[in-house]
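Me: Please take a close look at one part of this model and describe how it sits against the rest of the chain. I would like a connected account with the values included.

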Amino acid sequence: MIKFFRKIRYNLMEQNKTGRYFKYAIGEIILVVIGILIALQINNWNEDRKLKAEYVSDLNTIKENLKSDSITINTNLINGRRINEERQSFLNKDSSVDKSALIDLLGRPNLFLDNSGFENAKNKGTLIHIKNDSLKAILNAYYIKEIEIAKARQEKIIKNSSMLRTYYLQAGNNTAGVSQSEIMNNLMLQSPFRHLLRTNLASRNNIIQQFEDMLKLNIKLSKTIDHELKHFQ
């Protein structure tokens with residue numbers, strides 16, 4: 001009988017040990033799961049912080065590019081307006097125009113905008129994280145739509161200017177010893193040259209308007225970026 005009770009007692013003790021071990025194992029599993037969740041959360045937090053830092057850095061780079069662009073656009077506007085005024089005066093046969101200076105007018109606009117920050121951000125996928133729809137729309141309008149239109153118009157002017165320069169060089173070769181002013185006067189007697197000059201003037205007027213629009217968009221985009229960066233200060 002004593003052995004029987006001892007056996008029951010032993011079985012109960014073993015059951016209690018098994019229960020304690022089971023509870024301990026469950027506790028260990030819970031702790032491991034909690035540790036994994038915390039590690040994942042920390043990793044996600046670090047990744048989020050890294051993405052935000054890259055986002056801010058890329059926006060600051062784009063903002064610096066915009067400052068450089070504004071100088072380029074303003075320079076093109078000043079030169080373009082001056083050239084067009086002189087060309088228009090020349091077409092109007094204003095005798096006060098220095099015709100020797102008109103050789104410079106056969107040049108072309110040089111619109112080399114810095115889109116390195118935008119392209120870098122786009123290639124890295126940083127722009128995907130933009131939640132500001134207004135910023136996204138202005139970025140696309142400036143770096144995709146406006147620049148492509150300006151490039152197309154600039155190419156048209158380049159082609160037209162090359163034709164004008166060809167006329168001028170041929171006239172110079174055929175009239176050795178003739179002054180630049182006289183060459184331009186002779187060319188103005190030729191209707192194809194006058195037509196090209198008028199076409200060039202119209203194209204330049206269009207691109208000047210384009211530059212003015214781009215400058216406004218440049219300022220607007222810069223202000224929008226400033227507003228966006230305030231959320232990360």
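Reply: Leu201 has a relative accessibility of 6% and therefore counts as buried, the cut-off being under 20%. The model is a predicted one, and the position in question belongs to helix H5. Once neighbours within four places in sequence are set aside, the contacts of Leu201 are Asn84, Arg87, Gln88 and Leu91. A further relation across the sequence is with Ile83: the two residues are 118 apart along the chain, and their C-alpha atoms are separated by 8.9 Å.

Ser203 is also found in helix H5. Its relative accessible area is 7%, so Ser203 is buried. With neighbours within four places in sequence left aside, Ser203 is in contact with Lys156 and Ile157. Helix H3 covers 133–174, and helix H5 itself runs over residues 191–229.

Further along helix H5 there is a charged link. Asp226 forms a salt bridge with Lys63, and the closest N and O atoms are 2.5 Å apart. Lys63 lies in helix H1 and Asp226 in helix H5, so this pair ties together parts that are 163 residues apart in sequence. The two partners fall into separate accessibility classes: Lys63 is buried, with a relative accessible area of 19%, whereas Asp226 is partly exposed at 27%. The value for Lys63 sits just inside the buried class, because that class means under 20% relative accessible area.

Helix H5 also takes part in the nonpolar interior. The largest nonpolar core has 28 residues, and those with the most contacts inside it are Ile73, Leu135, Leu139, Tyr142, Tyr143, Leu221 and Ile225. Helices H1, H2, H3 and H5 each supply at least two residues of this core. The greatest contribution comes from H5, with 9 residues. In soluble globular proteins, nonpolar side chains tend to be buried together.

Leu135 shows how this core is joined. Apart from neighbours within four places in sequence, Leu135 is in contact with Tyr55, Leu59, Ile130, Leu221, Thr224, Ile225 and Glu228. A second core, separate from the one just described, has 13 residues, including Tyr168, Ala171, Phe193 and Leu197.

The remaining charged pairs described here involve helix H2. The whole structure contains 5 salt bridges. One of them joins Lys124 and Asp58, whose closest N and O atoms are 3.2 Å apart. This pair also links distant parts of the chain, with Lys124 in helix H2 and Asp58 in helix H1, 66 residues apart. Asp58 is buried, with a relative accessible area of 5%, while Lys124 is partly exposed at 44%. Side chains of opposite charge can pair when their charged atoms come close.

A local pair is formed by Lys122 and Glu119, with the closest N and O atoms 3.4 Å apart. Both residues lie in helix H2, 3 residues apart, which is about one turn of the helix. Lys122 is partly exposed, with 40% relative accessibility, and Glu119 is partly exposed as well, at 27%.

On the surface, Ile29, Val32, Val33, Ile36, Leu37 and Leu40 form a nonpolar patch with about 550 Å² of accessible area together. Val33, one of these residues, lies in helix H1 and is partly exposed at 41% relative accessibility.

For context, the chain comes to 5 helices and 0 strands, in the order α-α-α-α-α along the sequence. Of its 233 residues, 33% count as buried. Among contacts between residues at least 6 apart in sequence, 84% join residues at least 24 apart. The accessible surface of the chain is about 15200 Å², and 56% of that area belongs to carbon and sulfur atoms.

As for confidence, the chain averages a pLDDT of 77, with 76% of the residues scoring at least 70. Among the elements, helix H2 (residues 116–124) has the highest mean pLDDT, 88, and helix H4 (residues 180–187) has the lowest, 73.

Notes. Residues are numbered from 1 along each chain as its sequence is written. This is a predicted model: local features need pLDDT of at least 70, side-chain atom pairs count only at pLDDT 80 or more; totals for chains, interfaces and linings use all residues. Side-chain values use heavy atoms; hydrogens and water are left out. pLDDT is the predictor's confidence in each residue, from 0 to 100. Helices (H or I, at least four residues) and strands (E, at least two) are DSSP runs, numbered from the N terminus. A salt bridge is a side-chain nitrogen of Lys or Arg within 4 Å of a carboxyl oxygen of Asp or Glu. Buried means under 20% relative accessible area, exposed over 50%, partly exposed in between (1.4 Å probe, protein chains only). Contact means heavy atoms within 4.5 Å. A nonpolar core is a set of buried Ala, Val, Leu, Ile, Met, Phe, Trp, Tyr and Cys residues joined through side-chain atoms within 4.5 Å. Patches are made of residues with over 30% relative accessible area and no salt bridge: like charges are joined within 9 Å, nonpolar side chains (Val, Leu, Ile, Met, Phe, Trp, Tyr) within 5 Å. Accessible areas come from the Shrake-Rupley method with a 1.4 Å probe; for residues, only the protein chains shown count as cover.
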